[in-house]
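The following exercises concern aromatic pairs and strand pairing in a predicted model. Each task is followed by a solution in steps.

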Amino acid sequence: MAQWDKLRQLSASYSQQLHELYDRDGLPMDVRHYLAAWIEKQEWLRATRDYDLAMVLFQVLLDNLDIQHSRFVQEEAFLQQHNIRRYKQNFQRFQDEPCALASTILWFLEKEKEILHTANLAEQVQSLQVEQEAMETSCQQDLERKMAGLRNDVQCLEHTIVCLEEQQDEFDFKYQTHKMEVVVEEAVKNEQIKTLQLLVNRLNECRKSTLSDLSKLLDRADDLINLLVNKELVEWQRRQQKSCIGAPDSVCLDQLEKWFTCVAVCLFQVREFLNKLEELVGKVSYDNDPIKALKPGLQRRTDSLLKVLLKSSFVVETQPSMPQGKGPLVLRTNVQFSVKTRLLVKFPELNHSMKVEVSMDREAPLIKGYRRFNVLGTKTKALNMAESQSGGMVADFRHLILKEQKSGGGGKGVSDISLSVTEELHIIYFTTEFELKGFSIELQASTLPVIIISNSSQQQSAWASVLWFNMLSQDPKDIVFFADTPAAPWPQFGEMLSWQFLSATKRGLNDAQLEMIAVKLFGKQQNYNTCKVAWIKFSKEHSPDTFWVWFDGILMMVKTYLEELWREGLIMGFVSKGKERSLLRKKKRGTFLLRFSESVNGGITFSWVEIDSIGEPDIKTVQPFTKADLSQIPFHEIIRNFQILEAENVPQNPLLYLYPDTPKDEAFGKYYSEKSGDHSPYIKYIKTKLVFVSKETTLEAKSPMSSDMAQGEGLEPVNGLCGEPAEQDLLPSLLETCPHDPMLSSSVELQDDDFLMMCNSMFNNHNSFSESDMLPCEPSPDFSFTGFNLGASQAC
């Protein structure tokens, strides 16, 4: 393929480099284009040193320009004729220095090769990206090419109108001269009239051509506006919806602003062209003037396209959020929130001149008891470029407050629809007036639906509604979405759950973890893609332990106490008890894994491999740790110092290898505190705890988990290490070493069949507690170390 043909197919960014290259006067792009084949075949390098060859190439160049000019004369291409004639005149300056012309053309050809080389390298890098990204890049490149084409059309049309004005001035001058002259001879007079008629015919054709070019330019603008408004902006709005619920999608508006502004600038230039044509008609007009006939329609079409573009260009860049909220789109009455709007059509002359006003739901939906709110605070702000890091036109509202109106918007009997507070959707609106160069229009933007709560206890349920709406709804103004809530397909649902972890901890859920959750919801299936989760199953069940409460409890625990361990992949997390046993049974003694509890909200536990008396693997599990435990001792320190105390045995830590086979200290060592053993900062605190220890080591676990929350997984007996003391053999030898303590006797009455002892099971401290070691005689609140005892197992 010829070099020039390759250059013409480059993407917008490299085409721009080509345009900048030919903005220089040395070699006009028109000449390079029309004589491309001839130029690329010549020996310009040799001609820079060979005067005779350079002179020959110079003469042939002029001849080729003459041939091209003749072709344009035959095609009646007036503008091209003018340009080629001017270019030939400019080249005459190389008459005495043809080698300089050869050097100039050679320099342009070398610069072209550099652009091609850079573009080829970029294309090779791009080919290494994933297919979806390549498709997106291809679409953007196509859009960039169309933008460049629109800008080029505007520039050409601007030059065309200048030529049209010159041509009209020539006709007008000759016509006025003809009227003032007194011509006696009829033949001369007829010749003058014939010349004027030829000029007016040419002027008429030029006007028709200009109007045709204007129409084609508007076609191109229409196509671009359709792409921007109905594709690019819609895709951005969907990305913003997903990003609000944790998706790692880019919501940067800089590229959209660049495109919107480009089209708007071109359309305003078209309006100026139409005004110029109106001026020309005022100076010279005639019967069947095409400007008079076609200009009004072009004007209406231009204004219509501008309205569509501008109405879509006013958007909410940052959705409403509270400083301490769980996420965006959940607002609480009487608590400040922030929201930011942006105008994607950036005209610096409008900086600080457009005022944006805020309002709430304009019309209440037909829903019983639907609440109404007033917006308080700074309700009016000017669009300006100072509050945006990228210099965009934004209005950043930072101190807005919602206050509920005393009388609800919806009355009894309005409809049969009734929604809870956390299913009630509200929209915040923003309005402004755009006015520039005689064109004005009112613009409106609106937020995604928000949930408005009055108490922090409603936050968790409200966030569940935000997740569900933005996961499934394609209509950002569907405020009655929860009147008939759709179910969520598993692929979307699982992706949304992964986003929650990804946004909170920078690590999402893998396929194995998602499969465990799918089994929990649907039971064992060959394929979960056709499964759906109902809204009532996710968050609306009357039981307080809904799926979302369980999942969110785990998420909050991980984010608050376990984020680093989770991000490093040390926590397997979502794994069923059956799967856990099958994994550990194949491993050596001391191998353990960390998983989230299925029955205790916000709980994490660990299980490990022991070898029983006949050499078989025996899986043991500790009672789940919750935020009450983790708020006092870091989980890695619990794992580091965990010990078992059994009668007649030396206390030891049974946790040796993190699944599959990583030594415990290698996995968790970097998180350990510097002090250990008796110097550990946690030892002294733990000494103050009363701990029940039992000799009994095995008991079949019975899970209280409801059957619908564990479908597909048969609950197997698990050797427990936690819970209340089971009935067991007496431990007289150990009990004798533990002196009677009034604190113990006041809370636990020792029976003949229920011997309890007090000891430090974690740190092998058999010494009796002194009074200074004991806590005050009051019930121990949340924190309990029963999880460290060898006792009757509990469901974990």
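**Exercise 1.** Determine whether Phe-606 and Phe-642 are buried or exposed, and classify the pair that they form.

*Solution.* Step 1: a residue counts as buried under 20% relative accessible area; both Phe-606 and Phe-642 are buried. Step 2: the ring centres of Phe-606 and Phe-642 are 5.2 Å apart, with 80 degrees between the planes. Step 3: planes over 60 degrees apart count as edge-to-face, so the pair of Phe-606 and Phe-642 is edge-to-face. Step 4: Phe-606 belongs to strand β15 and Phe-642 to the loop between α20 and β17, so the pair ties together parts 36 residues apart in sequence.

**Exercise 2.** State which residue has its charged end over the ring of Tyr-657, and which lies over the face of Trp-550.

*Solution.* Step 1: over the ring of Tyr-657 sits the charged end of Lys-588, 4.0 Å from the ring centre. Step 2: for Trp-550, the residue is Lys-520, at 4.2 Å from the ring centre.

**Exercise 3.** Give the strand order of the open sheet that contains β1, and identify its edge strands.

*Solution.* Step 1: the four strands follow the order β1-β3-β7-β5, with antiparallel pairing. Step 2: β1 (314-321) and β5 (373-377) each pair on one side only, and are the edge strands. Step 3: on average, neighbouring strands of this sheet are turned by 35 degrees against each other, direction ignored. Step 4: β3 and β7 are joined by six bridges; Phe-337 has Leu-400 as its bridge partner in β7. Step 5: helix α12 (residues 290-313) lies across β1 and β3, at about 15 degrees to β1.

Definitions and conventions:
Residues are numbered from 1 along each chain as its sequence is written. This is a predicted model: local features need pLDDT of at least 70, side-chain atom pairs count only at pLDDT 80 or more; totals for chains, interfaces and linings use all residues. Side-chain values use heavy atoms; hydrogens and water are left out. Rings of Phe, Tyr and Trp (its six-membered ring) pair if their centres lie within 6.5 Å; planes under 30 degrees apart count as stacked, over 60 as edge-to-face and the rest as tilted. Helices (H or I, at least four residues) and strands (E, at least two) are DSSP runs, numbered from the N terminus. Buried means under 20% relative accessible area, exposed over 50%, partly exposed in between (1.4 Å probe, protein chains only). A charge sits over a ring if NZ of Lys or CZ of Arg is within 6 Å of the ring centre and within 35 degrees of the ring normal. Two strands pair if DSSP finds at least two bridges between them. Axes are lines fitted to C-alpha atoms, for helices over the stretch in contact, and angles run from 0 to 180 degrees between N-to-C directions. Contact means heavy atoms within 4.5 Å.
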